[in-house]
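The questions below go through one structure, starting from its metal site. Each answer closes on the name or value asked for.

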Amino acid sequence: MTCLSFPPSAPESELRLAILECGQVCYARHLMTSNDGNISVRIDESRVLITPAGLCKGRMDADDLLIVDLDGNVLASANDRRPSSETPMHLEVYKQRPDVRAVIHAHPIFATALTVAGLDFPDDILPEVALTLGNVPVSEYATPSSREDADVIRPLIRDYDALLLRQHGSLTVGRNLDEALIHLERIEHVAEVFHHARQLGNVARIPPEELRKLSKK
Ligand SMILES: [Zn+2]
């Protein structure tokens, strides 16, 4: 069984392996390029396991991960790594969402391109979006690597499991990393289909009454 869908009782060693596996998938799928992106899981009520700054998420060791508290203080770092500058954004999620145990911040190409182009997420072009995520809001712009990352998601993350960060990337959450990754892959798939449809010259929207039928399922 894959580590990504870890149960609530999973030990810390399993959570470390789950983050490594998630990083490898995200890097291989071009959802995180270079040393971009970060992944975290909640260990318990007060501790979070998170990827470090400056490392490619496809090539990490279990000891590269850090443990921080909800204020961002480093509690343990076996390889003496620094926490990512985007750690406050992850902690904002855990503070607001007791149901969430996994957070992925990625830089997916097509979904990020939507925000660069100033377009909304197309939540009405494929039925599976209405059946799963529904609307995916785009945050305000934030200065990279500042606490503004946490500020711009604050009004949104209570109500959504998937966000786009304007001219930056994505933020997806779940009860485990499998759920957060499924949201991330779905966002990117929809954005890529939308891109290709525009190239072909027409984007057909699902009529509102059909969308309403789907959202009742
Ligand atoms: Zn980022």
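Four donors count as tetrahedral if all angles lie between 85 and 135 degrees; four count as square planar and six as octahedral if opposite donors are over 155 degrees apart and all others between 65 and 115; anything else is irregular. Donors are N, O and S atoms within 2.8 Å of the metal (3.2 Å for Na, K and Ca), and sites may look incomplete because water is not among the atoms. The model is predicted: local features need pLDDT of at least 70 and side-chain atom pairs count only at pLDDT 80 or more, while totals for chains, interfaces and linings use all residues. Residues are numbered from 1 along each chain as its sequence is written, and side-chain values use heavy atoms, with hydrogens and water left out.

Q: What is the geometry of the site of the zinc ion?
A: The zinc ion is coordinated by Glu86 (OE), His105 (NE2), His107 (NE2) and His168 (NE2), at 2.0 to 2.3 Å. The angles among these 4 donor atoms run from 80 to 164°. By the angle rule, the site is irregular.

Q: How are the donor residues of the zinc ion spaced in sequence?
A: Glutamate 86 is in the loop between strand E4 (74-77) and helix H2 (87-96), and histidine 107 is in the loop between strand E5 (102-106) and helix H3 (109-116); helices (H or I, at least four residues) and strands (E, at least two) are DSSP runs, numbered from the N terminus. This pair, 21 residues apart, links distant parts of the chain. The full donor spacing is E-x18-H-x1-H-x60-H.

Q: Is glutamate 86 buried or exposed?
A: Buried means under 20% relative accessible area, exposed over 50%, and partly exposed in between (1.4 Å probe, protein chains only). Glutamate 86 has 10% relative accessibility, so the residue counts as buried.

Q: Which element gives the most residues to the largest nonpolar core?
A: A nonpolar core is a set of buried Ala, Val, Leu, Ile, Met, Phe, Trp, Tyr and Cys residues joined through side-chain atoms within 4.5 Å. The largest has 27 residues, and those with the most contacts inside it include Phe6, Ile19 and Leu177. Helix H1 (12-28), strand E1 (38-42), E5 and helix H6 (177-200) each give two or more residues. The top contributor, with 6 residues, is H1.

Q: How many disulfides are there?
A: A disulfide is a pair of cysteine sulfur atoms within 2.5 Å. For cysteine 22, the nearest cysteine sulfur is that of cysteine 26, 4.1 Å away. The sulfur of cysteine 56 is 11 Å from the closest one, in cysteine 26, and therefore too far for a bond. The count is 0.

Q: How many residues apart are arginine 29 and glutamate 185?
A: The two side chains meet in a salt bridge at 2.9 Å, N to O; a salt bridge is a side-chain nitrogen of Lys or Arg within 4 Å of a carboxyl oxygen of Asp or Glu. Arginine 29 is in the loop between H1 and E1, and glutamate 185 is in helix H6. The pair links distant parts of the chain, with a separation of 156 residues.

Q: Which residue forms a salt bridge with arginine 205?
A: Arginine 205 lies in the loop between H6 and helix H7 (208-215), and its partner in the loop between H3 and helix H4 (127-131), so the bridge ties together parts 81 residues apart in sequence. The closest N and O atoms are 2.7 Å apart, and the partner is aspartate 124.
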